[in-house]
Each structure stands twice: as structure tokens, then as C-alpha cells.
Amino acid sequence: MYKRKTNIWNNIDWLTVVLYLILITFGWINIYSAVYNDGHQSIFDITQRYGKQLLWISASFILILIVFLIDVKFYSFFAYIIYFATILLLISVLFLGKEIHGARSWFVIGNFRFQPAEFAKVATSIVLSKYISSFNLKIKKFKTLFTIAAIILTPVALIFLQNDTGSALVYFVFILVLYREGLSINYIFIGILITALFIASLLVDKLIIFFSIEIIALIIFILRNKNIKHIIIALITISLTTFIVWKINNLFNYNLSFYIVNLIGLTISSIILSIIAYWHKMNYIFIILGVLYSSIIFSNSVDYFFNNILEPHQQKRINILLRIENDPLGTGYNVNQSKIAIGSGGFSGKGFLQGTQTKFNFVPEQSTDFIFCTIGEERGFIGTSIVVLLFLFLLLRIIYLAERQRSRFSRVFGYCVASILFFHIAINIGMTIGLTPVIGIPLPFFSYGGSSLWAFTILLFIFIRLDASRLELFG
Amino acid sequence: MDIYKQRKYFIQIIFILVGVVYIIRLFALQMVDASYKISASNNVLRYITQYPARGLVYDRNNELLVYNQATYDLMLVPRQLTSFDTTNLCNIINISKPQLIEKINKAKHYSYFKPSLFLKQMSSVTYADLQEKLYKFHGFFVQTRTLRKYPKKFAAHALGYVGEVDKAITKKHKYYNLGDYIGISGIEKSYEKELRGKKGVQIFLVDVHNRIKGNYKKGKYDTSAVAGANLTTTLDATLQAYGEKLMQNKKGSIVAIEPSTGEILTIVTSPSYNPNLLIGRIRTENYLKLLKDTLKPLFNRALMAKYPPGSTFKIITALVGLQEKVLYKSTQYSCHGGYHSGRVTVRCHYHPSPLNLIHAIQYSCNTYFCNVYRNIIDNSEFASTDEGFKVWRDDVTSFGFGNKLGSDFPNELSGNIPTSAYYDKYYGQGHWSSLTTISLAIGQGELGITPLQMANMTSTVANRGFYYTPHIVKNISNKKSIDEKFFVKHYTKIDSSYFPIVIDGMEKVVNGEAGSTARIAKINDIIVCGKTGTAQNPHGDNHSIFIAFAPKDDPKIAVAVFIENGGYGARWAAPTASLMIEKYIKKSVSRKWLENYILNCDLINVQTQDKHME
């Protein structure tokens, strides 16, 4: 036993620990600067956010210690219990939680606020690692995929219900983990296709989308089937049926729109082609047709989804990101002011405590979601690029560590940590510089707030702990 | 074993790609695009102008003529507006609700963040009322400005007025911003630079709610306002007030100058207006009213009206004659009811004959000066009429006629002394002679002289041959002295030895035996030297003109009086000038009957009555 313990301490990846400490120190300095005022200069003043954050940081160190003391097998062994406990918390916060900024995602006990959604990421990561590391599991079977989807989407649904869209969206980043563990690349393509279709449906006329989908389907068909005769038959069938439908429409004055005419044409021709394909046992045609029709249905339902299901503020954020709407004083105000603050920092920034945009509240949520503005304004390009590089270094380091694990559980968990951090960093920094939509999620180790700091700390240090014991764990 | 190991590269590439894209974006934001820096300072820096107090204006005896009165502008920052009791505000500042809404929309249209002028110049009463309740109206604040006040209510044209600068001015002069005041006429205009002082600026940092959070860089770039300089004018407030009183119900002008300095003691334009009408909120409205007034109260007659000088010009004819040696003290001409030469006849009134120079001035004999004039122009020493005329003109203009005198008024006119070129053009070269232009001898014809020029001429005669450029400011509080040019003696082309002869004649005009033209101007123990004039006026009754200085030795005051449509010079102008002299030298007027005679003279309403009768 004794020998093992010393091994653990020796095997800790101190580089990652140092990176963590640098980020957390820099983060605290920025919170100090963001909320600094002349009246309260003591860094221990717990009426101020920097004072409180110092408290949260101290508590994090205790958490780290606890994480290190807990046996590595604990997570794997209690994975489901941890997960279900978290789910219970997520459910109970819906009833017992307090609504803050329109999201019912906080437990409030006295002065202390606690956000279960932050810890749900840890629990989901653990259970996902546990499940994927089950013996000889292949992420191919429908049942497997379904289970994984259930694991991920249950907290997502609950967090959506809390009206905390940002935290819910984080869970979609697990697709990276799944991809690493063997999820077919097709799912990622489907993901990209869905996103592209979603954006295109909002931006472009549906007729253009229709033809684009049709042409893409044809190209895929051509790629799969090098037989020119088949291709010509397919083209003639589609053109001919569409032409006939168009003629009939004109002849009997049905007054169908051009879009409908093409749709009917395509439907009839695809029925004809299906029959031919069935005879020739060309089953892949059905997959192509399936994708084609789902795409068409999807693009048509986007409009409905966007207009009837999304909340106005969500519509607005998407509109602004897609440049459909320009409203520098409304929703775009945050992003605009954020860009002004960062842009005004220049090369070397205005100096510590010298930021004017952040100090005088032009930037909203400057100590939480928009903390990156303070870095941009006071530290300039030097500061921002160093922070981005530090994060990048941390992410790559985690991937490197994950890849050296012998245990699949540890590797999957490592990827979970990297992916979650990546999503938070990319979306948070991206929104302050106007590259991603404004999704209210914190910047790891920088944003003010105990729950998120602790969740990221636990997440990272469980992995460091797993890595330290990598020689003991197998399978 | 792990067939998917290669996939880590894809994930690493995604991470690196995002990192690189973000750094490029940050580089573009922070290093390339400078517009964010400008937006940032627009966000946080507020430049608050510190308006200096405009300089005060005093008369020569340190009586206050112009001062500043505080007024209160209501300002609005639309972004800070919250819902408030509109009826309450409307009642306090006395506007209607639609007006209120319109003003708010106007302010919003200008800027959401910048303060804009909501209501100009509230009275101190309104301000006192509002101040108590201002906390209820978020986004509103009060800015103190000053307005000019004229306690004496006179000398409107001389003092001038201030108004807000327009866009053209702000483009031309960087000092001014929209909403600033600038002198538009009179002293306010010509001494604008001295009076305005220097604006200061305080740079504040403001937060998103436009609340001031402190000084920018601890006030390193702040400048404090420098108050404008005070001006001491040459005006004598008592005399100016008296002059304006005498000119009531008359059109015309009085200009009085201290000959020994060129200081303008009084400059009256009538009809005038109360200078307090052209300040602040009421200015535009009143200005339009004054502009439409048929009596043209805005017209500055003292500087801009051109009158033929009439017989007062005989003084000049005499002096030029003496200088050009075609006239001597003893030269006599006889007069039989007028001057006749060829088809030309210049009529003269009855008086003894023949007359020498002094008596010719005393009786204002037309014939005499027609002869003198012809001798000047047709002098055998000169080869041609043209040459003679040029000599005459040079001598005449050396009195300051035909050119701007260069006083410290912004809108002086040069008047008109015809040139030979003018006659060449009018009659053809060689087709005009001394006889053609004979009316110049007695101050009629193409001569155009402003009251200021006339007073300056009188002052020149009083000085026996020189003048100081007339000016209205004698001291500027922050400068050692006024412009040097006002201390330069301007000599005429007439030798000073010729002046006493003419002055003797002018003495006789007032103090001579019966038949002298202006005995009405005589003051018992002051020797007044004067000359009457009657300017022919093609539009109506002749203008009554009188010039005078007194005392004869060491003159203290030279005065020129023009009363439009007043008939003979002796009728209204001479007694007015005489009263002015008495008032200035003796400080009080003993001839109450004469004073009443002038005060009761109403040439404006009589005229309109006549018109009604027609």
C-alpha cells in the first residue's frame, strides 16, 4: 500500500497542475481588476467578488486534496450512483431551486449558491467513461447508441427545463469523445449536415436548398454508381416526371408553386427509381433517398422550429450571429461592447486596473461570462494570446495524457475533460470576440463563481488522479 | 488493439484550428482595427466644457453697461430616461405634453448617450421650482449658462448683441461649438476675442449609465476657463442717455467725440431698440419683429447711413481753398440771391453782401463757396479740370471722408466722395467741369458721409488739423493698452494755420449778430463753434444737420447731429447739438425750454399722420 501511494505522488503530471495554477491565479487577478473599486481594496474582503473567489479557490484546493485521497476505483465503482444522484439533484432543482436571470438552476442555502448543472458534467463524464469502458463495447449497435444517447440527453433535457440553454448545449460536445471511441464518422457528418441545413434554412430561399440537396444526392449517387447508364436513367426520370407535373399543373391551372411542382416530380421519380433499384438490388439508393427526404423535411421544419419553438431571445441571438439582424443597442450590445473593450486593449493593454470599458460596466457580466474582456482590455493582445495559448496547451496536454492511459475508462474520461473544457473555452472566448453566439457559459478557471470553478477543478483533478494511477488500471 | 487511435489527430487539429482562428481574430481586433479604441473613448470620456464669464462693459466713468445674468438650460440624456410624471414636469417648465414628447424625440434623434439641450434658458424661478423635483426626472440635469444684460437699455447698436453660433461659424473657427455664443454686432463683435475669454474643458470618465466616476488621468488634460476681459468704453453713459432721449421720435444720429483723444463720447442711432430684447430665448422672435419694423430700428445710422453733408461741407471747401491758395481770409465775393454762371444757378438766401470768408461761413453763403470751389478746380496752376479735381479730392479725403475710418466698430461704411473717373464715366471724359460739379461746393450732389465721419471731421477742425481714429473702447482689462493705431495722429492735407480763420467763422455762426445761421445753439458761457447744414433729400423733407465743437479753445467735445426730414440745420440739429454740448460740459442743462422744444419734436408720427391725411 505504502509503495503505491508514493508512486501516485510521483506520477502526478505536475505540468498540468502548474498550468491549472497559472490559469487560476491569472483568473483571480482579472476578477479583482474587473470588480475593483476604491472602497474595497483588501483582497480578502468577502463582500467583494474577488474576496469570495479567493474563498472558492481555497475550497478548490481542499477538493483537490479530497480527490487525491479517494481511491481511483471509486469513480468506476460508484459511477451510476453518482450519476443518478446528480440526476436527482437536477430534478429537485426544478422544484426547489431559485430562479436567477431567468434560469431555475440554483440551490440557494443562505448566502451560498450551488448550481447542480455544473457538477452534472462531472457525473455524466464518469458514467459515460464507465459505460464506454464496458468490456468489448462497440459504439455501433443501436442499443449502445441508444444507451449513450440516454446518458447524455437526460441531463440535457433537465437542464433545458431549467431554462439554462448554455449549460445544456455543452453536452453535445461529447460527440468528440464518442468519435474518438469509434462512433462512425457519418454521425459527425450528419451533425455537420444538420447544422449546415439549419443555418442555410434560415438564410437561403428553400428552393435553393431543395435543389442543392437534390444535386448533392445525385453526386453521392454518381460517386457510388459509376455506371453511366444508371445515371442517365435517373436524370431522365427526374427531369421527365418533373416536366410532366409542371405541364399538368399549367394545363389544369392547379396553381401549385414551383417548389411543390418539383417536390411532386421528385417524389414520383424517386418511387419509380426505387422500384428499379429494388429490381437491381441497389440498396444504397434507399439510404441516399432517406437522407434526401429527411433533409428536405428537416429544412422545412427548421422554419417552424425557429419561429414557434425557440424563445425570442434565442431567435435574436441566432439572428445576430448569422448577421440577419444588426442591433448594437439591443442583444448585440453585449457583443459590441465586448469587442470594443477587447479591441481598445491594443497590443499591450491599458494596464492592471486601468480598463475603462470593463470598469465602468459598459461590458455586461464582466466578472462572469465576459471576464475575457478584462484580459483583452487591460492585458492587450499579449494577454489574450497568452491565455488562448495556455488553454490550447492544457487541452493538448490532456489529450496527450488521455492517450497514454492503459484503462479505457481513464482515456474516455480524459477526452470528456478535454472536450468539456474545449467547448467552454471556444464558446466563451468566441462570443466575446463575436465569433460564436452569446451562450451564457463560464470561461473555465477565469469566470467568477464557485460552482463552475469547483466542477472544472474536480473534473481536471479526477483525471490527474486517474493519470497518476495509470499503471494500476487496466482494461 | 485501438483501431481508432488515429482519430486523436482529428480532435487535436480541431483544438489547434480553433486556437489559431481565435488568435488571428484577436490580432485583427486588437492590433489592426483602430475603431474600437475610438469607440472605447467615446464610451467613457465626457468632455464637459467650462464656460468662462463673458467680459463686462463699462462706460468711461466706470458705470456698468453690460453684465452677465445666469440662466439655466435643462439638458437631457435620453438613455437615462425612466418613466416619470410627465404632467408634473410639463407644469413646472410650462410646456405642453405634445411639446414634451417632441423634445424628447428630438433629443433621442440627436443621441441616446450624449446630453442634448432640452429647454433653453429657464428663469431662476422655474429653476428653483424644478431643482427640488429634479431627482424624480432621471436623465435630466441643469446646466448653467450666462446671458447678457444691459442695465442702461441704451446704445444698442454700439454695444451690439451676442447670439448662438451657426454651423458656418463652427466650421470656420474651431474654437466654437454649436450652442456657444458669439458677438454678432457692435462691441460684442469687434471685441469678441477679448470678451469671450477662453473656454476650459474637464474630462471625466463616465460609466455605462453616464454617471461621472472621476476625472480622466486625475485632471491632467483639464483646462480651466479664463474669464473674458472687461472693457471700458469711451461712452459717457449720461450723455448717451441724454442723446437718445433728445432723439426720441426722430430719425437720425448723434455722434460726439472727444477731439483730444478720438474717443467717442456718444453714438446715437434713432430709432433704436432696447438691447435687452435681443438676448436669450426671445432673441429670434424680437429680431424678426425689429427687422420688419418700417422705421428700421436695426439700421445703424451712425455708421452706415450716408448723407450729403450740406452746408457743413463749406468748412471743407473753405479749408481746401485756403490750402490751395485760391482763397484768403480777406477774399470777398458779392452775392445777389445766388450764383449764376451760364445756365447754372445756385440760389442763396438773403444776407449782407459782399462777404469775406468769416462772414460767408457765418451766413452760409452759397455763392461765396461756389466761387471758391470753381477757383480750386479751375486753378491755372493745374493743366486740367481733372487734375484740379484730384487735388480737391485728396484734400477732402484727408479728413477721413470716402474711406472707412478704421474705428473699432465692425460695420463702418466708407461713405462716398466722387472721383473724376466717376464723372468721366457719367458725363464722358472732358465733358464735365467745375460748373458741372458745382453742388459739391456746398455739400450736395454725390457726397455721402456718415455721421461718424462728420463728427470726426468736426473733431479734426477742433484740433486744428488732425484727428485720432474714433474709437469706443479705451481700456481692456487684460491688456496694457488698446490698439496702437488709436494713438496715431492723422494730419489732414490742410496746414493747421488755416483752421483758426474757419473756426472764427464757425464761432460767428453761433455767436454772431442777427442773421447768423445758428444763434439758437449759443450757450452763454461756452464758446460753441458750429456750422449748419441742410441736406437735400430727394425722398422727402431736407435733413437737418449741425456740427459743432466747444469750447473754442481746448475743445472738449465735437458733435455731429443728423435729423432726417428735419428741414434746416438750425431748426432741430443745431439746438440738439447745443444741448449735448451743454450737458457734457456743464453736466446739466439750464435751457429747459430748448430741451422741451427738442423733446416735443416728433418727426416720425407727424409724418405718418401726413400720410394718413393723404
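Among contacts in chain A between residues at least 6 apart in sequence, 68% link residues at least 24 apart, a contact being a pair of residues whose C-beta atoms, placed from the backbone, lie within 7 Å. The model is predicted: local features need pLDDT of at least 70 and side-chain atom pairs count only at pLDDT 80 or more, while totals for chains, interfaces and linings use all residues. Residues are numbered from 1 along each chain as its sequence is written, and chains are lettered from A, with ligands numbered from 1, in the order in which they are written.

Chain A contains 18 helices and three strands; these are DSSP runs, numbered from the N terminus (helices: H or I, at least four residues; strands: E, at least two). Of its 475 residues, 42% count as buried, that is, with 20 or more other C-beta atoms, placed from the backbone, within 10 Å of their own (exposed: 12 or fewer; partly exposed: in between).

Helix 11 of chain A (residues 228-251) has 24 residues, which at 1.5 Å a residue should span 34 Å, and its end C-alpha atoms are indeed 34 Å apart; the expected span is 1.5 Å times one less than the number of residues. Within helix 11 of chain A, A:A234, A:I238, A:T241 and A:V245 are buried. The buried residues of this helix pack against helix 10 (206-224) and helix 12 (258-280) of chain A. After helix 11 of chain A comes A:N253, with a positive phi near 55 degrees.

The contact between the chains draws 35 residues from chain A and 29 residues from chain B. On the side of chain A that touches chain B, helix 16 of chain A gives the most, with 11 residues.

Two nonpolar cores are listed below; such a core is a set of buried Ala, Val, Leu, Ile, Met, Phe, Trp, Tyr and Cys residues joined through C-beta atoms within 7 Å.

| Core | Size | Residues, among them |
|---|---|---|
| Largest core | 122 residues | B:A256, B:A548 and B:V559 |
| Second, separate core | 107 residues | A:A123, A:I398, A:A418 and A:I439 |

B:A256 touches residues including B:L239, B:A455, B:V559 and B:Y584, not counting residues up to four places away in sequence.

The mean pLDDT (the predictor's confidence in each residue, from 0 to 100) of chain B is 88, and 97% of its residues reach 70 or more. Among the elements of chain B, helix 18 (residues 451-462) has the highest mean pLDDT, 96, and helix 22 (residues 603-613) the lowest, 58. Over residues 609-614 of chain B, pLDDT stays under 50. Where pLDDT is low, the predicted coordinates should not be read in detail. The model scores ipTM 0.83 and pTM 0.61.

Conventions
Two residues are in contact if their C-beta atoms, placed from the backbone, lie within 7 Å.
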